[in-house]
Amino acid sequence: MSQRHPIIAITGSSGAGTTSVTRTFENIFRRENVKAAIIEGDSFHRYDRQDMKLRLAEAEKAGNTNFSHFGPENNLFAELEALFESYAQTGTGKRRRYLHDPEEAAPYQQQPGTFTPWEDVPAGTELLFYEGLHGAIKTPEVNIARHPDLLIGVVPVINLEWIQKLWRDKSKRGYSTEAVTDTILRRMPDYVHYICPQFEHTHVNFQRVPMVDTSNPFIARDIPAPDESMVVIRFAKPKGIDFPYLLNMINGSFMSRANTVVVPGGKMELAMQLIFTPFIWRMMERRQRAMGAL
């Protein structure tokens, strides 16, 4: 953790909705005039798209049916921790980008599914913002969870997570239901061992719970709308959270436990704005005092 160079990390599985949370934070950064270095977790995968397909085929031939992007063998955990350590100390570090589609790849004159060369995080940013699969990972070799000043988990109930992944991969990436289902099954051991344990280290968790039938996610025709959901917000350390203010500002909200607020799904972005804007104010105030003390 660092007062001069703070880090915010959003962690969640594929299809959890972390990208939507990132957009909310980008709006906060723009409104509060905060210059953030944005890091996508996909850029710390070990293999590009083509190489991953080859290695997946090799793994299946060897009888490994659980080869996935979720586990340590297919990610650069040490490099991600090195970035967090370097940024906290110096305000910079090594990053690259993963180019998901032709639109992202065009400016770099590269193929989609490839990485850009490693480069330094630009000088002059005020905080680092990470969004991806492994913002709170801990293994015997690395402890990435210890670095962020603010760790946020995004964890829909599992059937909703699968519906969101199925919809995205089928409509945006052209995969069949069978192909997405195979991916979900292949990833399950790594999901249990490397994704779920992260949420015991997060400071705040957001879990969207649909209020409609999602009993068979593999035949769902659409994603339950925000207004068809509730969002459970759990604070690991509720000290300093103004719960009466949140309940007053968000219609339909209530507390289910001493550290948990439940809000209507359509109010999730408002809840994030109300909760995290003061966090960022305090981060920037501490940063200004620390920089002024140099």
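1. The second largest cavity of this predicted model is lined by Gly41, Phe44, Asn75, Leu76, Phe77, Leu80, Tyr130 and His134. Its volume is about 40 Å³. Sorted by class, the lining of this second largest cavity holds five nonpolar residues, three polar residues and no charged residues.

2. How many cavities of 30 Å³ or more are there? The count comes to two. The largest cavity encloses about 90 Å³ of space. Its lining consists of Ser13, Ser14, Phe70, Glu161, Trp162, Lys165, Ile184, Arg187, Met188 and Tyr191. By class, five of the residues that line the largest cavity are nonpolar, two are polar and three are charged.

3. Two helices deserve attention in the wall of the largest cavity. Helix 5 (158–171) and helix 6 (177–195) each provide at least two residues of the lining. Helix 6 supplies the largest share, namely four residues.

4. The packing of these two helices may be described next. The axes of helix 5 and helix 6 lie 10 Å apart, and the helices pack at an angle of about 135 degrees. This angle lies outside the range of 65 to 115 degrees for roughly perpendicular helices and is not over 145 degrees, so helix 5 counts as oblique to helix 6. Their crossing is right-handed.

5. Which residues make the contact between helix 5 and helix 6? On the side of helix 5 they are Ile158, Glu161, Trp162, Lys165, Leu166, Asp169 and Lys170. On the side of helix 6 they are Thr177, Val180, Thr183, Ile184, Arg187, Met188 and Tyr191. The contact of helix 5 with helix 6 comprises seven nonpolar, two polar and five charged residues. Several names recur from the cavity: Glu161, Trp162 and Lys165 of helix 5 take part in the helix contact and also line the largest cavity. Ile184, Arg187, Met188 and Tyr191 of helix 6 likewise belong to the contact and to the lining of the largest cavity.

6. A second helix pair is formed by helix 1 (residues 18–31) and helix 8, whose axes come within 10 Å and cross at roughly 50 degrees. Helix 1 is therefore oblique to helix 8. Is the crossing left-handed or right-handed? Helix 1 passes helix 8 in a right-handed crossing.

7. In the contact between these two helices, helix 1 contributes Val21, Thr24, Phe25, Asn27, Ile28, Phe29 and Arg31. They meet Met268, Glu269, Met272, Gln273, Phe276, Thr277 and Ile280 of helix 8. By class, the contact of helix 1 with helix 8 has eight nonpolar residues, four polar residues and two charged residues.

8. Helix 8 also takes part in a pocket. The second largest pocket holds about 390 Å³ of space. It is lined by 17 residues, of which Asp149, Leu150, His203, Lys237 and Phe279 are the closest to its centre. Which helix gives the most to this lining? Helix 8 (residues 268–292) does, with four residues. The lining of the second largest pocket is made up of eight nonpolar, four polar and five charged residues.

Note on methods:
Residues are numbered from 1 along each chain as its sequence is written. This is a predicted model: local features need pLDDT of at least 70, side-chain atom pairs count only at pLDDT 80 or more; totals for chains, interfaces and linings use all residues. Side-chain values use heavy atoms; hydrogens and water are left out. On a 1 Å grid over the protein atoms alone, a cavity is a set of points where a 1.4 Å probe fits but cannot get out, and a pocket is an open set with protein on both sides within 12 Å along at least five of seven lines; lining residues have an atom within 4 Å of a point. Grid points are joined across faces, edges and corners, and a volume is the space filled by probe spheres set on the points. Ala, Val, Leu, Ile, Met, Phe, Trp, Tyr, Cys and Pro count as nonpolar, Asp, Glu, Lys and Arg as charged, and the others, Gly among them, as polar. Axes are lines fitted to C-alpha atoms, for helices over the stretch in contact, and angles run from 0 to 180 degrees between N-to-C directions. Angles under 35 degrees count as roughly parallel, over 145 as roughly antiparallel, 65 to 115 as roughly perpendicular and the rest as oblique. A crossing is left-handed if the near helix is turned anticlockwise from the far one by less than a right angle, and right-handed if clockwise. Contact means heavy atoms within 4.5 Å.
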